[in-house]
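Hi everyone, thanks for coming. I'd like to walk you through a structure that's new to most of us, so have a look at it first and then we'll go through it together.

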Amino acid sequence: LFFFQIYQQFPFSFEFTEKFLIMLADHSYSSNFGTFLCDSDYERNIMNVQKHTVSLWSYINQPDVLPNYLNCLYDPNAKVIWPSVAPISLVSVL
């Protein structure tokens, strides 16, 4: 919900879409990739996770996958964004 509100106010400030965040959340629980397995890098090394699984980042960085998660409106900006919390600026999602 919070991301949605900020994204509505600053649609040009995010390189990735909401779809990207949802995909990350889904795969953090699905165990389809080794990226989110175990509790630490140390534990992943002991279990040889990288030898038995594929990294989620390797999958996402494929040229035919990454464009599905990029925000076509993105315009890089080095400035800090200051979202408004005024009631009129918040979009209802109900």
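**A walk along the chain**

Let me start with one residue, Cys38: at 27% relative accessibility, Cys38 counts as partly exposed. To be clear on the words, buried means under 20% relative accessible area, exposed means over 50%, and partly exposed is in between, with a 1.4 Å probe and protein chains only. Cys38 sits in the loop between α2 and α3, and α3 covers 41–46. Its phi is near 70°, a positive value in a residue that isn't glycine. Most residues other than glycine have a negative phi.

Before I go on, a word on what you're looking at: this is a predicted model, where local features need pLDDT of at least 70 and side-chain atom pairs count only at pLDDT 80 or more, while totals for chains, interfaces and linings use all residues. Residues are numbered from 1 along each chain as its sequence is written, and side-chain values use heavy atoms, with hydrogens and water left out.

Back to phi, then. Asn48 also has a positive one, about 55°, although Asn48 is not a glycine. You'll find Asn48 in the loop between α3 and α4, with α4 at 49–52. Asn48 is partly exposed, with a relative accessible area of 28%.

Okay, zooming out. How many helices and strands are there in the chain? Five helices and zero strands, so if you read along the sequence the pattern is α-α-α-α-α. Those come from DSSP runs, numbered from the N terminus: helices are H or I with at least four residues, and strands are E with at least two.

What about the overall shape? The radius of gyration is 17 Å, well over the 12 Å that the globule rule gives for 94 residues, so the chain is more spread out than a compact globule. That radius is taken over C-alpha atoms, and the rule is 2.2 Å times the number of residues to the power 0.38. Along its principal axes, the C-alpha trace spans about 50 × 30 × 25 Å. Buried residues make up 21% of the 94 residues.

Now the inside. Which residues make up the largest nonpolar core? There are eight in all: Phe20, Met23, Leu24, Phe33, Leu56, Ile60, Val65 and Tyr69. The elements giving two or more residues to this core are α2, at 18–30, and α5, at 56–60. Helix α2 gives the most, with three residues. By nonpolar core I mean a set of buried Ala, Val, Leu, Ile, Met, Phe, Trp, Tyr and Cys residues joined through side-chain atoms within 4.5 Å. In soluble globular proteins, nonpolar side chains tend to be buried together.

Let's see who touches whom, where contact means heavy atoms within 4.5 Å. Take Phe33 from the core: leaving aside neighbours within four places in sequence, Phe33 is in contact with His27, Thr53, Val54, Ser55, Leu56 and Tyr59. Thr35, in the loop between α2 and α3, touches Arg44, Val54, Ser55, Leu56 and Trp57, again not counting residues up to four places away. On the other hand, the C-alpha atoms of Thr35 and Asp75, 40 residues apart along the chain, are separated by 29 Å.

Next stop, the start of the chain. Thr17 lies in the loop between α1, which is 2–9, and α2. Is Thr17 buried or exposed? At 16% relative accessibility, Thr17 counts as buried. Not counting residues up to four places away in sequence, Thr17 touches Tyr7, Asn68, Tyr69, Leu70 and Asn71.

Glu18 is in helix α2, and Glu18 is partly exposed at 37% relative accessible area. Its contacts, neighbours within four places aside, are Phe3 and Phe4. Phe4 belongs to helix α1 and counts as partly exposed at 22% relative accessibility.

One last thing, on contacts across the chain: among those between residues at least 6 apart in sequence, 58% join residues at least 24 apart. That's my tour, and I'm happy to go back to any residue you'd like to see.
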